[in-house]
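Biologist: I've just opened this one and don't know my way around yet. Could you walk me through it?

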Amino acid sequence: MKVLHIADVHLTSRLDRSAREAERADHLLARLSDAVAAGAELVLIAGDLFETPFESETLTNRVFSALGALLVPVCLIAGNHDCACAGSSYRKASFPENVHFLDESNPTFETDAVTVYGISFTAPFEPRRMLSDYSVKDPQKLNILLFHGDLASESEYMPFTPKELADTGADYVALGHIHKRTEPKTEGKTTYAYAGIPDGRGFDELGEQGGWMLNLEKGKCTYEFFPMWGRQYIEQTVDLEGLTHTAACVDKIRATLSGRTEDAYKLRLRGRVLFPLSVTSIVKQLSDLYCVRCIDECNQEDPTQDFDDYSLVGLFAKMADEKIASATDETTKKTYAMARQFGLSALLEQPMKGVDEE
Ligand SMILES: [Mn+2]
């Protein structure tokens, strides 16, 4: 049976993030359709689909009705962020027929082929060990458990151990809570994995995100990563060594990037540049990219190390560095640093054409 496992989408209707959030919801729903088109017969959402327990009805209705349109069964639980407390979105929702919210009052979803179990948060914290004494009813069947918590001996978020997972008798435990996906592991006869997040939301969630597409049979689990991101957050270093003007830096940056304009980039600019670098004008010339942040780390390494101390260039660099080091205020320091750049440029016979005005 082909199963898609995702978790921790953290959709929110918070106004300050609304544009990106609407886009994230659209994207998620489109990728879920893709997963079904790719053969997923069951979708598992292991908690924290929403950022808070009380998201707007506009958002929750939209998400639930789109899950309804997938037609295959969708099983979900509440995590600590979107806990099913009184008055919460999950308590108020009317779910489409194929969408199964699993909690204490509705603990399983069953078909001939599979039983899905789920445990939901009902408060933002739950330090109890919810899996001690928990076990599946029919060990002969294919059994899946949806669980949101910390793989830890103690935690405020449903702590568990691999042994506790194995003792449930579940064939696969679809985990949520940790935003970094983990390769499926096996303990006893139980396979378990965190799905991570389907789509990054900032530079603390870098790279390719998605979920696990699993092929589950009794006693056998194969899997592959199913990419789902709408935008990637990418952190990259760009070497601008020896460049003499902004346009050359912009060209170098473009040549270094993947060419995808829909991603968000945090660029660390490094190397010795031979003109006063302006991050503002570089960013301006990259405005076709969705988001670019540049961190100017140019001219920061030990500047004399590449020069022969006994050459004119080496002596000049050494002298300039001493001046910079002994400067008592920022303005003087900057002036010496610029003098060093201009001096080196002259000595290295690299003309200062296209020097940035800013
Ligand atoms: Mn969580």
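Biologist: Which residues have the most contacts inside the largest nonpolar core?

Modeller: Quick warning before I answer: this is a predicted model, where local features need pLDDT of at least 70, side-chain atom pairs count only at pLDDT 80 or more, and totals for chains, interfaces and linings use all residues. Residues are numbered from 1 along each chain as its sequence is written. A nonpolar core here is a set of buried Ala, Val, Leu, Ile, Met, Phe, Trp, Tyr and Cys residues joined through C-beta atoms within 7 Å, and the largest has 63 residues. The ones with the most contacts inside it are Leu44, Ala46 and Leu146.

Biologist: What does "buried" mean here, and which strand gives this core its largest share?

Modeller: Buried means 20 or more other C-beta atoms within 10 Å of the residue's own, exposed means 12 or fewer, and partly exposed is in between, with C-beta atoms placed from the backbone. Strands are DSSP runs (E, at least two residues), numbered from the N terminus. With 5 residues, the largest share of the core comes from strand S7 (residues 142-148).

Biologist: Which residues does Ala46 touch?

Modeller: A contact means that the two C-beta atoms, placed from the backbone, lie within 7 Å. Leaving out residues up to four places away in sequence, Ala46 touches His5, Ala7, Ile77, Leu146, Phe147, His148, Ala174, Leu175, Gly176 and Ala195.

Biologist: How many residues are in the other core that lies apart from it?

Modeller: That other core includes Leu243, Leu267, Leu269 and Cys294. Its residue count is 16.

Biologist: Which strands stand at the edges of the open sheet of 6 strands?

Modeller: Two strands pair if DSSP finds at least two bridges between them. The order in this sheet is S4-S3-S2-S1-S11-S12, with mixed pairing. The end strands each have a single partner, so one side of each is left without a neighbour in the sheet. Those are S4 (99-101) and S12 (220-227).

Biologist: Which residue in S4 stands opposite Val74?

Modeller: Strand S3 (residues 74-76) pairs with S4 in the parallel sense, over 3 bridges. Opposite Val74, in S4, is Val99.

Biologist: And S1: which residue in S11 stands opposite Lys2?

Modeller: Strand S1 (residues 2-6) is mostly covered, with 4 of its 5 residues buried. On one hand, S1 runs parallel to strand S2 (residues 42-45), joined by 4 bridges, and Val3 has Leu42 as its bridge partner there. On the other, S1 runs antiparallel to strand S11 (residues 210-217), also through 4 bridges. Opposite Lys2 in S11 is Asn215.

Biologist: Why is strand S6 largely enclosed by the rest of the structure?

Modeller: S6 covers residues 114-118. Strand S5 (residues 108-110) pairs with S6 in the antiparallel sense over 3 bridges, and the two form a hairpin with 3 residues between them. S6 and S7 run parallel, joined by 5 bridges, with Leu146 in S7 as the bridge partner of Gly118. S6 is largely enclosed because 4 of its 5 residues are buried.

Biologist: Last one: how many residues of domain 1 are in contact with domain 2?

Modeller: The bounds come from an automatic or database domain assignment, giving domain 1 (2-227) and domain 2 (233-347). Their centres, taken over C-alpha atoms, are 46 Å apart. Domain 2 brings 4 residues to the contact, and the number from domain 1 is 5.
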